Amino acid sequence: MEPAGDVSDPASLDPESLGFMCGIEVHQQLATGKLHSRQAGELHDITIETLPKNWPRYNRKLRTSSGEGGAIDVAAKFEARRNRSFVYCQAPNAGLIELDEQPPLPHDEEALDISLTVSGMLNAHPVPLLQTMRKTVVDGSNTSGFQRTTLVATAGVLQTKGGPVGIDVLCLEEDSARKLDSELTSNGEVVTWNLDRLGIPLIEIATAPDVKNPEHAKQTSIALGRTLRDTRRVRRGLGSIRQDLNVSIMCGDRVEIKGCQDLEWIPKIIRCEMARQLHFYRLANELRSNHGLPKLANDRREESVSVKEEVLAILPHNLVDVSSQFENCEAKRVKDGLEANNVMLALPLPGFDGLIGSKQLDSEGSQLPRLGRELAGAAKLAGVAGVYHSDELPAYGIEQEFVDSTRVALDGVDAFVLCLAPQWQAELALESVLNRARLAFERIPQEVRNVVIRKGSPDDGTTTPMRPLPGGARMYPETDIPPFEITSEHWQNVIDNLPMTQQERYDRLSKYEISEDQLNQLLSRELDDDFVAHSQGLPQKAWATMLLENEGDLGLMALVLATKEAGYVTREGMNNLLEEFTGQNPSMDQLATRAEELGLKPADSGDLLQIVEKVVEGRIDFVKERGMAAMGPLMGVVMKECGGSADGKQVSALLKEVIMRHV
């Protein structure tokens with residue numbers, strides 16, 4: 001049976017009937033130094049505009065190399081053809097290893113311990129010998145052209161709200177450099193990178209394709225994030241954890257989607273991808289039917305009749321220079337491009353009229369999948385800003401007469417794609433467009449895609465192509481780092497010292513006399529261990545408040561609170577003592593003496609009562625008019641009279657008592 005479903009309403013698509021499969025990959029930064037260089041792991045909050053001028057810069061170009069089997073990875077081949085060059089900015093925490101001018105050091109011990117700890121928390125099985133591998137990366141994000149990654153454990157299980165999800169692999173690897181800028185030039189793209197993040201340890205966890213539906217994918221990501229945070233040894237904040245989705249339906253194929261940082265968006269991103277794969281399966285069969293070719297099977301596991309030769313005949317490599325047809329075009333982009341000696345090349349796409357598509361929205365406001373967007377994405381990967389196609393013209397200032405003259409130049413072909421760029425770049429872009437148009441007769445290509453981002457968040461849940469899905473040829477051994485043995489004693493020590501889970505921490509705090517809000521804040525800010533360690537003999541709610549409102553030496557904070565409870569300093573005066581004795585190790589006597597010198601010692605209760613009575617009697621008409629509502633205004637008056645030496649709670653109690661006598 002043909003797969004059923006309305007592409008214009010992705011929320012209505014049934015994952016089970018479409019043969020939905022999904023796995024999650026999570027990449028989590030660890031709160032340690034760098035993995036193979038011992039440099040600090042701090043990040044520098046800079047942009048291309050605020051980049052310090054004293055940071056050294058290095059210009060590089062990368063080339064591909066063959067893997068262990070002698071083959072060059074398909075993704076590496078693709079990146080090499082993009083003719084890109086790179087500028088690397090050396091941050092203060094980047095040295096010779098980050099510049100690929102010195103061999104790497106063995107694994108950071110703390111990072112290795114954290115990865116083994118997470119393996120134990122996921123009931124995974126460690127590999128007995130850790131062999132670091134080089135994973136080819138030619139997009140410029142690694143100066144060496146590869147990322148060092150080490151398989152740590154396999155065959156684990158993650159418990160989620162929607163059921164257990166298998167953990168296929170857990171790896172320890174280096175994070176990449178951060179992109180600062182990208183500039184298109186006539187000689188190719190120039191990309192500027194910041195090396196501050198390069199080499200920070202990452203735990204990569206890849207699940208089995210056990211995710212049942214889009215909502216379960218979100219639950220799985222939440223559960224993975226919670227497990228990692230339970231170690232209390234991972235980085236927090238924007239960009240410290242990244243989720244990738246591996247998604248397919250039975251009539252489509254596996255696609256890896258990057259950029260899913262906002263977990264709330266995951267279900268929508270997956271639904272859009274399901275709709276995209278279903279749309280292009282149907283488009284492929286429509287194209288095949290229009291050309292009298294056998295249809296694709298609706299199950300990718302079934303072999304379909306190859307139509308490769310027929311498609312090559314339908315769509316030959318035939319680029320036509322139509323620059324002369326646009327000499328009088330007044331569209332600014334076209335006019336400026338031709339004046340800069342760019343060329344306008346055309347790629348004929350016979351039989352594609354009306355199938356390239358124009359922008360339309362689905363029921364949730366996302367762009368509907370269309371071939372034109374995929375063709376534009378393929379062209380942009382070659383470094384051009386975009387292309388024009390016949391289904392959307394006339395538009396962008398290109399009038400009908402130029403559309404007609406282009407068709408004449410192409411011998412009356414019904415559909416075409418135009419690219420305005422330097423000759424070499426236009427040829428590369430349209431070659432990419434041609435390859436993608438040929439793939440329109442097949443299932444969607446296996447590839448890596450990126451969520452479309454606008455102003456720092458997902459635009460509408462749709463994606464654009466990044467590169468082909470890499471294969472096994474990208475991996476080969478790292479010869480500069482010796483293998484590391486995980487002994488049974490080492491592993492048992494890890495298992496015996498696993499961290500508490502979030503639920504166990506919650507249950508522990510529930511035994512203390514603190515509010516629910518304090519409990520949740522202590523947990524979310526990871527202060528519960530500090531609370532428990534120093535809570536002995538202190539009022540528990542006050543100690544929780546002290547921790548939540550202050551930062552610094554825990555011992556000093558506990559002693560200042562004890563000094564307040566002993567009656568030597570007012571509640572309001574505690575912060576003064578914290579500031580006075582920061583970095584010191586005072587005794588309670590020293591704290592009490594200084595509090596008295598600063599006038600922060602609580603007033604005698606008898607003296608305080610007299611001050612309260614004096615304030616009330618001096619404003620007796622106001623008290624009789626307002627009643628108990630006078631407490632608020634008079635509270636500040638009393639505190640001022642006491643010169644800051646009164647305890648707020650004691651003042652409030654006495655003020656209430658005195659006012660009640662007069663109303």
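The legends below describe close-up views of a predicted model.

**View A. An open sheet of four strands and the helices that lie against it.** The strands follow the order β14-β15-β17-β16 with antiparallel pairing; β14 (320–321) and β16 (388–389) stand at the edges with a single partner strand each, so one side of each has no neighbour in the sheet. Two bridges join β14 to strand β15 (residues 343–348) in the antiparallel sense, and Val-320 has Ala-346 of β15 as its bridge partner. Helix α9 (residues 423–439) packs on this sheet, where it touches β15 and β17, and its direction makes about 20° with that of β15. Helix α6 (residues 332–339) lies across β15, β16 and β17 (416–421), running at about 55° to β17.

**View B. Salt bridges between parts of the chain that are distant in sequence.** Among the 37 salt bridges of the structure, one joins the side chains of Glu-174 and Arg-148 at 3.3 Å, N to O, linking strand β8 (residues 163–174) to strand β7 (residues 146–160) across 26 residues. Glu-174 counts as buried at 6% relative accessibility, and Arg-148 is likewise buried at 6%. Arg-242 and Asp-175 meet at 2.8 Å, N to O; Arg-242 belongs to strand β12 (residues 241–248), whereas Asp-175 sits in the loop between β8 and β9 (178–185), 67 residues apart. Asp-175 is buried, with a relative accessible area of 1%.

**View C. A nonpolar patch on the surface.** Met-628, Met-660 and Val-663 make a nonpolar surface patch of about 270 Å². Val-663 is placed in the segment after α21 (648–662) and is exposed, with a relative accessible area of 54%.

Terms used: Residues are numbered from 1 along each chain as its sequence is written. This is a predicted model: local features need pLDDT of at least 70, side-chain atom pairs count only at pLDDT 80 or more; totals for chains, interfaces and linings use all residues. Side-chain values use heavy atoms; hydrogens and water are left out. Patches are made of residues with over 30% relative accessible area and no salt bridge: like charges are joined within 9 Å, nonpolar side chains (Val, Leu, Ile, Met, Phe, Trp, Tyr) within 5 Å. Accessible areas come from the Shrake-Rupley method with a 1.4 Å probe; for residues, only the protein chains shown count as cover. A salt bridge is a side-chain nitrogen of Lys or Arg within 4 Å of a carboxyl oxygen of Asp or Glu. Buried means under 20% relative accessible area, exposed over 50%, partly exposed in between (1.4 Å probe, protein chains only). Two strands pair if DSSP finds at least two bridges between them. Contact means heavy atoms within 4.5 Å. Axes are lines fitted to C-alpha atoms, for helices over the stretch in contact, and angles run from 0 to 180 degrees between N-to-C directions.
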